[in-house]
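Here are my notes for you, written as numbered points. Keep the structure open while you read, and look up each residue as it comes along.

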Amino acid sequence: MKPYKQKVALSVFYGALFFLLVGYILYPMANTFLQAFWQEGHFTLNVAKEYLANPNNIQVIKNTFWVGAGSVVFCGILGVALAMYMAFSSFKLKKLLHILLLSPMMIPGVIIVIAFVQLYGESGIVTKGLEFLLGLQEPLWQFSGLPGILFVITYTQYVYFYLNVSVALKYVDYSAAEAAMSLGAGRVRVFCTVILPTILPAVITSAIMTFASGIGAFTAPNLIGGGYKVLSTQIVRSKANNRMELASVQVLFLFVMSVFVMLLLQYYKRKHTYVRPARPSPFLPRQGRRSWFQVLCGAVVLVQVLFILVPIAGILYLSFNTTHSIMTDIFPMEFTLENYIKVFQSDRVFRPLVNSLNMSLLAMGAGLLLTVPVSYLAYCGKNRWNGAAKALMVLPWCMPVSVIAINLINAFNVRSIFAFGHALIGGYYILPIGYTITALPLLLSSNDVAMESLNPVLEEASKSLGASPWYGIFRIVLPNVAPGIAAGGILVFIRTIGEYTMSALLYGVYNRPISISMVTNMQEFHIGISLAYGVFVIAFSYLALGLVFHLDKKRFI
């Protein structure tokens, strides 16, 4: 039996925790259901029927699904192929290449889209350069519509497959693979019978994350989608027109689509369970002449690295050019520091950068404050309250970002007990709250991994020597798990500093973030300032990325 004070402390903690989780995850979702189906005091399907009666809206739903499915297919092929190549190859600078292949996860999507537009768009450097060299009158490609959207998503989201499969490949028993090959099994058969069962859970988990991210993508469809409409862009448009009942119906379609695919994939995952060997035999790369297939895979990796580096180099180069030169010259050459000077000279231009830094740090801190105790209590032992808390924290994992944002708008555009009698919409803190909700699953997963690496003998030894539980937590547990926890927190900081989808729905006068300012400046033909913003965000992201690799080498290197 735990001491009385510990029971009181746990009761207070769980009370506050469920107040926040229910108030900011379940209650907003319930408000969205009411907004969609409860009008004039009674239940009605009129808004949903009116929406589905338009064939164009049915096509939008289909378009959204194809973006999600296409994202899973292309990201899966690229991510698994890169992970396999890196696992079965041995060469110099392998760690550096691994870091480069992970880096797209750290660069905000809005920056990637802007970079690709400047490089591969109708007036992009690469597009115009090829037209000039080949003497063409028309561009070689149209960087828009579904192909453009899938190109950008594949570039940014393949990292889920790459990272998860890379970890799973460490648990493959390569002695079984060698035994199978010695008995005459071909490489395809060995892959299907030995390797695939081991990496399948990682592939399915990555597919769930990629599908939810793909159907909720807003940046690429909004900036390069052209006439290819999806639910995320419609939701923002409905919100801008103050049609919240319509936006709520669209959000529910997006949510149901995400949950249905997640449950389907989870069912398939449970049906194909696989027990990993306790001590898998590691793969030892063989020295010698490379096969044509390895050379081909190496060329694919090289192309992918170029796709990673060229946009970053392009943003950096163009940020030192005048907007006039960027818009009129094939290869801009009017160099200037004016773009950077304007960022620091004007408080109006500098404020979005400060806002994004502050809000990302707030989201990181609040998320850690909520998830670290839950992960520690789960590590200490299972209990129903902790299980329920973890389930609520993981729920945003299957919610596209636009779903979470509309839920918050429906719940907190009026005074609420969960906001202590305040209306949050239009204020500063609604965006950090939204960022925190999206960060909970990532932080919880990162914390759980950190806790699993903790040796329980250390804490038990301190208790046997008379140390208090709090002494064990602060002097033994936290120092050992802090690097992994901090790495997860930094990842959240990186992912939120340039976040665009939720920002487009929730930002106001007081919390305008850098992502909104980047797009606004681009639309107002202040392209140089927009690209200077991009350089700052990339610099922050890569500095933070280096810190992540330093803190959590086991998981990322």
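**Notes on rings, helices and one threonine**

1. Let's begin with the aromatic rings. The count comes to 25 aromatic pairs, and keep in mind that this is a predicted model. A pair like this is described by how far apart the ring centres are and by the angle of the planes.

2. Take Phe116 and Tyr155 as an example. Their ring centres are 5.0 Å apart and the planes make an angle of 65°, an edge-to-face pair. Phe116 belongs to helix H5 and Tyr155 to helix H7 (residues 145–169), so the pair ties together parts that are 39 residues apart in sequence. Are these two buried or exposed? Phe116 has a relative accessible area of 0%, so Phe116 is buried. Tyr155 is buried too, because its relative accessible area is 4%, and the cut-off for buried is under 20%.

3. Now look at Phe344 and Phe536. With centres 5.5 Å apart and planes at 85°, this pair is also edge-to-face, because angles over 60 degrees get that label. The pair links distant parts of the chain: Phe344 sits in helix H15 (residues 338–345) and Phe536 in helix H24 (residues 527–551), 192 residues apart. Here the two partners get opposite labels: Phe344 is exposed, at 52% relative accessible area, whereas Phe536 counts as buried at 16%.

4. Rings can also gather in a group. One aromatic cluster is formed by Phe19, Tyr24, Tyr27, Phe412, Phe418 and Phe420. Try finding each of them on your screen.

5. Back to helix H5, the home of Phe116. How do H5 and H6 run relative to each other? Helix H5 (residues 109–120) packs against helix H6 (residues 125–134) at an angle of about 10°, and their axes are 3 Å apart. The two helices are therefore roughly parallel, since angles under 35 degrees count that way. On the H5 side, the contact is made by Gln118, Leu119 and Tyr120, and on the H6 side by Ile125, Val126 and Thr127. Sorted by type, the residues of this contact are 4 nonpolar, 2 polar and no charged.

6. Last, a single residue: Thr436, placed in helix H19 (residues 430–452). Thr436 counts as buried because its relative accessibility is 10%. A polar atom of the Thr436 side chain lies 2.7 Å from the backbone oxygen of Pro432. Leaving out residues up to four places away in sequence, Thr436 touches Leu362, Ala363, Ala366 and Gly367.

Conventions:
Residues are numbered from 1 along each chain as its sequence is written. This is a predicted model: local features need pLDDT of at least 70, side-chain atom pairs count only at pLDDT 80 or more; totals for chains, interfaces and linings use all residues. Side-chain values use heavy atoms; hydrogens and water are left out. Helices (H or I, at least four residues) and strands (E, at least two) are DSSP runs, numbered from the N terminus. Buried means under 20% relative accessible area, exposed over 50%, partly exposed in between (1.4 Å probe, protein chains only). A polar contact is a pair of N or O atoms within 3.5 Å; within protein, one must be able to donate a hydrogen and the other to accept it, and residues adjacent in sequence count only if both atoms are side-chain atoms. Contact means heavy atoms within 4.5 Å. Axes are lines fitted to C-alpha atoms, for helices over the stretch in contact, and angles run from 0 to 180 degrees between N-to-C directions. Angles under 35 degrees count as roughly parallel, over 145 as roughly antiparallel, 65 to 115 as roughly perpendicular and the rest as oblique. Ala, Val, Leu, Ile, Met, Phe, Trp, Tyr, Cys and Pro count as nonpolar, Asp, Glu, Lys and Arg as charged, and the others, Gly among them, as polar. Rings of Phe, Tyr and Trp (its six-membered ring) pair if their centres lie within 6.5 Å; planes under 30 degrees apart count as stacked, over 60 as edge-to-face and the rest as tilted.
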